[in-house]
Amino acid sequence: EELPEELSDLEACTTVDIHEIDLDGDEKAEHVVCYTINITAEDSPTGKPVASSTIALYDEEYKKIEDLVILEDGFWANIEEEDRKIFLSLDKVEYIDIDKDEVMEIVIEVPTYEIGEVSIIKYKDGKVEGEVEYKASVEP
């Protein structure tokens, strides 16, 4: 599937997944985008594998509003092997009106080394509420 032209800067990513949802009830769809970079040691210019991913919020015209969760070093327990790579995923994102104000919260299950964490973000009146640029880590 082709990326929207506005997301052409993500073309080098290994995967780009998009959820389209009206979070704030203004009848315009926002976009929650998860993009990953997955490079094997053999394909890396440094000889080291890469595993990183980000979940970000974009407006209806695909202008980035904010990075929500960032996992820069996605190697479980700091072991740089292919079978130890962990990535963020839209499969771990839910949209729920938790406080019954007709505005959907973005609930993201964030991987960690021991037990998972949850990040809850609200987008309302053009503003993001909650912790953004959350730095996830799967290191001990």
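Select Thr-112 first: in this predicted model Thr-112 is buried, with a relative accessible area of 14%. The cut-off for buried is under 20% relative accessible area. Thr-112 belongs to the loop between β6 and β7. Show its surroundings: leaving out residues up to four places away in sequence, Thr-112 touches Trp-76, Glu-117, Ser-137 and Val-138.

**The strands on either side of that loop**

Colour β6 (105-110) and strand β7 (residues 117-124). They form a hairpin with 6 residues between them. The two strands run antiparallel and are joined by 6 bridges. To find one of the pairs, pick Ile-106, whose bridge partner in β7 is Ile-121. Now switch on a surface around β6: 5 of its 6 residues are buried, so β6 is largely enclosed by the rest of the structure.

**The sheet around β6 and β7**

Add β5 (residues 93-96) and β8 (127-129). What is the order of the strands in this open sheet? The order is β5-β6-β7-β8, 4 strands with antiparallel pairing. β5 and β8 stand at the edges with a single partner strand each, so one side of each has no neighbour in the sheet. On average, neighbouring strands here are turned by 25 degrees against each other, direction ignored.

Two further pairings can be checked. β5 is joined to β6 by 4 bridges, and the two run antiparallel; select Tyr-95, which stands opposite Ile-106 in β6. At the other edge, β7 and β8 pair in the antiparallel sense over 3 bridges. There, Tyr-123 stands opposite Val-128 in β8.

**A nonpolar surface patch**

Stay with β5 and select Ile-96, which lies in that strand. Is Ile-96 buried or partly exposed? Ile-96 is partly exposed, with a relative accessible area of 40%. Add Ile-98, Val-118 and Ile-120 to the selection: with Ile-96 they form a nonpolar patch on the surface, and together the four have about 340 Å² of accessible area.

**Loop residues with positive phi**

Most residues other than glycine have a negative phi. The next two selections depart from that pattern. Go to the loop between β5 and β6 and select Glu-102. Its phi is near 70 degrees, a positive value in a residue other than glycine. Glu-102 counts as exposed, at 69% relative accessibility.

Then move to the loop between β4 and β5, where Ala-77 is found. Ala-77 is not a glycine either, yet it has a positive phi of about 60 degrees.

**β2, β3 and β4**

Finish with strand β3 (residues 50-58). How many of its 9 residues are buried? The count is 8, so β3 is largely enclosed by the rest of the structure.

Show strand β2 (residues 30-39), which runs antiparallel to β3 and is joined to it by 9 bridges. Pick Tyr-35 and then Thr-54, its bridge partner in β3.

Next show strand β4 (residues 64-71), which pairs with β3 in the antiparallel sense over 6 bridges. Here Ile-55 has Val-69 in β4 as its bridge partner. β3 and β4 form a hairpin with 5 residues between them. The last selection is Tyr-62 in the turn, where phi is positive at about 65 degrees.

How values were computed
Residues numbered from 1 in each chain as written. Predicted model: local features only at pLDDT ≥ 70, side-chain atom pairs only at ≥ 80, totals over all residues. Heavy atoms only, no water. Patch = residues over 30% accessible without salt bridge, like charges linked within 9 Å, V, L, I, M, F, W, Y side chains within 5 Å. Areas by Shrake-Rupley, 256 points an atom, 1.4 Å probe, with all protein chains shown as cover. Salt bridge = Lys/Arg side-chain N within 4 Å of Asp/Glu carboxyl O. Buried < 20%, exposed > 50% of the residue type's maximum accessible area, 1.4 Å probe, protein only. Pairing = 2+ DSSP bridges. Axes fitted to C-alpha atoms, helices over the stretch in contact; angles between N-to-C directions. Contact = heavy atoms within 4.5 Å.
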